Amino acid sequence: MNRYQKPAELYDGLRLHQNEHTGGCSPRVLQALASLRADQIAFYPPYDAATAVCARYLGVSPDRLSLVNGLDEGILALAVSCLRPFPDGFVPEAVIPDPAFEIFAIDTELVGGKPVRVKPRADLSFPLEEVLAAITSNTRVVFLTNPNNPTGLSMPLEAVRAIARRIPPGAVVFLDEAYAEFSGETFIPELPQFPNVIVGRTFSKAFGLAGIRIGAITGAPDTLEPIRLAVPVYSVNIAAVVAVQAAIEDRDHLQHYLRQVQESKALLYAACDRLGLRCWKSAANFVLIFAGDRLDALVNGAARRGIYVRDRSTEPGCAGCLRVSAGVVEHTKQFITVMEEVLCAAR
């Protein structure tokens, strides 16, 4: 029997549009949640044990890591600490290479900062020279993602180094590594040499804890401190505290899912080749597919069959593209069957 169960009936379909772990969290997480006592739920949670486990997993000391209520909270806290306008009228800028996680620009504007968008290259490779040219004395944050969302492409770590060396004093490079488990690549070992870089990680994707909301930011303590001050007190709840420890301890569950992702991506690449669709080889748990004038038929046809994928055609450089999660193999096969049905019917 497959260790993964079908998606919860609550969602009335197969969710392949949010890059979630559709196989679910480790059974150890459920055991940990079920073992919570009444007094643990009644009290504000302690963080030392969960911080130590997460720090050990990421290979850093606990003083270089802060837990956050989903990585989104860490990004917002960074914006609050670095991108609010000054009383003298100075407006900090955030450099954002497109296509990018939409929250970067949303949070920048929310706190009064100015997003500086860098247009994508035709091949969607990382535009290092263009990002460097966009950095000015007004830059206070450069938002980077490795692997990128929605393209799934990796960026060279040398690009992170080059940008960290170029930004003005007091500015920060924020490197979103939400999908690092799938790429097997991280900048974290280099953080001691680059105190102006903050790395964000999440336990939503590879560990299946999206509904729990737990992430972490790591970097030099002095760089982290202003961000920590912008995070609400006790924002990480007791369920997340116990869940993340149990999830990290179950490496077999993690490794099984990583193997499923690799197999799913290979199946999607092969299906795209058969069906005449272009796709990008992904270092994450999703694949960006160029469907062109067949995009609406594919997205809507899949939805009518209860499978949801993400239309990314409005993203810079992604016209005609959809993004589909590549996780549990059985779920990927279901989507490929739908692709074949829809596209063959459309001929």
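This passage walks through several helices, strands and single residues of a predicted model.

A good place to begin is a pair of helices. Two packed helices are described by the angle between their axes and the distance between the axes. For helix α11 (residues 251-275) and helix α13 (residues 329-345), the axes come within 9 Å and cross at roughly 10°. Angles under 35 degrees count as roughly parallel, so α11 is roughly parallel to α13. The contact between the two helices involves 10 nonpolar, three polar and four charged residues. On the α11 side, the residues taking part are Q260, E263, S264, L267, L268, A271, C272, R274 and L275. They meet V329, T332, K333, F335, I336, M339, E340 and L343 of α13.

Helix α11 also has a sheet as a neighbour. This open sheet has four strands in the order β9-β10-β13-β12, and their pairing is antiparallel. Strands β9 (278-279) and β12 (310-311) form its edges, as each pairs on one side only. Within the sheet, strand β10 (residues 286-290) and strand β13 (residues 321-325) run antiparallel and are joined by five bridges. One position to look up in the structure is L288, whose bridge partner in β13 is R323. Helix α11 packs on this sheet, where it touches β9, β10 and β13, and its direction makes about 10° with that of β10.

Elsewhere, strand β8 (residues 215-218) offers a helpful example of how side chains are arranged. In a regular strand the side chains alternate between the two faces of the sheet. In β8, G215 and I217 point one way, A216 and T218 point the other way, and all are buried. Two strands pair with β8. Strand β2 (residues 65-68) pairs with β8 in the antiparallel sense over four bridges, with V68 standing opposite G215. Strand β7 (residues 197-202) also runs antiparallel to β8 and is joined to it by four bridges. Here T202 has G215 as its bridge partner, and the same residue of β8 is therefore named in both pairings.Helix α5 (residues 103-110) comes next. Its buried residues are I103, F104, A105, D107 and T108. What covers these residues includes helix α4 (71-82) together with the strands β3 (93-97), β4 (114-118), β5 (139-145) and β6 (172-176). Just after α5, G112 takes a positive phi of about 100°.

In the loop between β3 and α5 lies D98. Is D98 buried or exposed? Buried means under 20% relative accessible area, and D98 counts as buried because its relative accessibility is 8%. The side chains of D98 and R117 are joined by a polar contact of 2.8 Å. Leaving aside residues up to four places away in sequence, D98 touches R117, V118, K119, P120 and P316.

A last residue to visit is S183, which belongs to helix α8 (residues 180-183). With a relative accessible area of 24%, S183 is partly exposed. The side chain of S183 reaches the backbone nitrogen of E185 at 3.2 Å. When residues up to four places away in sequence are not counted, S183 touches P147 and A283. The pairing with A283 is a nice reminder to look at sequence and space together: S183 and A283 are 100 residues apart in sequence, and their C-alpha atoms are 4.7 Å apart in space.

Conventions
Residues are numbered from 1 along each chain as its sequence is written. This is a predicted model: local features need pLDDT of at least 70, side-chain atom pairs count only at pLDDT 80 or more; totals for chains, interfaces and linings use all residues. Side-chain values use heavy atoms; hydrogens and water are left out. Axes are lines fitted to C-alpha atoms, for helices over the stretch in contact, and angles run from 0 to 180 degrees between N-to-C directions. Angles under 35 degrees count as roughly parallel, over 145 as roughly antiparallel, 65 to 115 as roughly perpendicular and the rest as oblique. Contact means heavy atoms within 4.5 Å. Ala, Val, Leu, Ile, Met, Phe, Trp, Tyr, Cys and Pro count as nonpolar, Asp, Glu, Lys and Arg as charged, and the others, Gly among them, as polar. Buried means under 20% relative accessible area, exposed over 50%, partly exposed in between (1.4 Å probe, protein chains only). Two strands pair if DSSP finds at least two bridges between them. A polar contact is a pair of N or O atoms within 3.5 Å; within protein, one must be able to donate a hydrogen and the other to accept it, and residues adjacent in sequence count only if both atoms are side-chain atoms.
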